[in-house]
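Hi,

Here's the structure I promised to send over. Have a look at it first, and then read my notes underneath.

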Amino acid sequence: MCDACAPALDARLDLPGGTPMGLPAELPAPLLQLEWCAPFAGPVRAALHDLKYAGERRLAEPLGAAVARRWARVGVDAGVVVPVPVHAERERRRGYDQAALIAAAAARHLGLPLVLALERGRATIAQFELGRDERAANVAGAFRLRALDAGASRAVAGRWVLLVDDVVTTGSTLAACAVALEGAGARAVSAIAVARER
C-alpha cells in the first residue's frame, strides 16, 4: 500500500473498543469481543480485494500489521491466533488462504503463536451473497478442528483464542468458528477482522 492509502487501515485505531453507534451492536455468542480496523471501503476494500482475488499476497503484511495494532490497543486478551479458514477447494484454486496470511502477519507482530486449528468441513455459499438472516444458517456447523492434526486440539485447549478474518459483517462466520474452538476446549474466543462491512 502506498503512503497515501496506508492510514486508511488505522481508521479505528484511536477509537475505544466495541461497536460504534449506527452499527448493529449484537455480539454473536460465544464471542467475547469483536473488533475491526476500518470500514470496508476505499483503499482498504481495494487492498482486501487485491489480496483475495488478484494474488497480491504482499498485502497480507500491512493488513496483518494493522490487525495487530488495533488488537494491541483495544484487545482484552489472547494467547494464540487462529485464522478463519477458506474451504480446501477454494484454497487449492487460489493457491493460498488470505485470512491465514493476514493472521500470520498479525501473530508475528503481536508475538503470539499462529495455529491453523480450523478447517471448513463443508463448502458454504459466499456470505456476501446472503442476507443477514441467512448467514448464520449458512455457516452453522461448517467449521471443525483440523481432522488430520491432533495437535490442533492441544494448541487451543485452555487458551484464549484470537480469531482473525479479512471482513466481518454480522459475525456469523466468526461465531461458528468460536463454537468449534470452544468445543475443542478453548477457554475463550475473541475475534478481529481487517474491515467491517455494514
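Below is what I found, going from one strand to its neighbours, then to a helix and a loop residue.

Keep in mind that this is a predicted model. I started with strand β6, residues 188-196. Nine of its nine residues are buried, so the rest of the structure largely encloses β6.

β6 has parallel partners. Strand β1 (residues 34-39) runs parallel to β6, and five bridges join the two; Trp36 of β1 has Ala193 as its bridge partner in β6. Strand β5 (residues 160-168) also pairs with β6 in the parallel sense, over eight bridges. There, Val164 is matched with Ile192 of β6. To get from β5 to β6 the chain passes through helix α7 (residues 172-183), and this β-α-β crossover is right-handed.

Now for α7 itself. The helix has twelve residues and spans 17 Å from first C-alpha to last, close to the 16 Å expected at 1.5 Å a residue. Nine of those twelve are buried, so α7 too is largely enclosed by the rest of the structure. Among the buried ones are Ser172, Leu174, Cys177 and Leu181. After the helix comes Gly185, with a positive phi near 100°.

One last spot to check is Ala142, in the loop between α5 (132-139) and β4 (143-145). Ala142 counts as buried because its relative accessibility is 1%, under the 20% cut-off. Its C-alpha is 5.5 Å from that of Arg120, although the two are 22 residues apart along the chain.

Cheers

Methods. Residues numbered from 1 in each chain as written. Predicted model: local features only at pLDDT ≥ 70, side-chain atom pairs only at ≥ 80, totals over all residues. Heavy atoms only, no water. Helix = DSSP H or I, 4+ residues; strand = E, 2+ residues; numbered from the N terminus. Buried < 20%, exposed > 50% of the residue type's maximum accessible area, 1.4 Å probe, protein only. Pairing = 2+ DSSP bridges. Right-handed = clockwise from strand over helix to strand, strands pointing away. Expected span 1.5 Å × (residues − 1).
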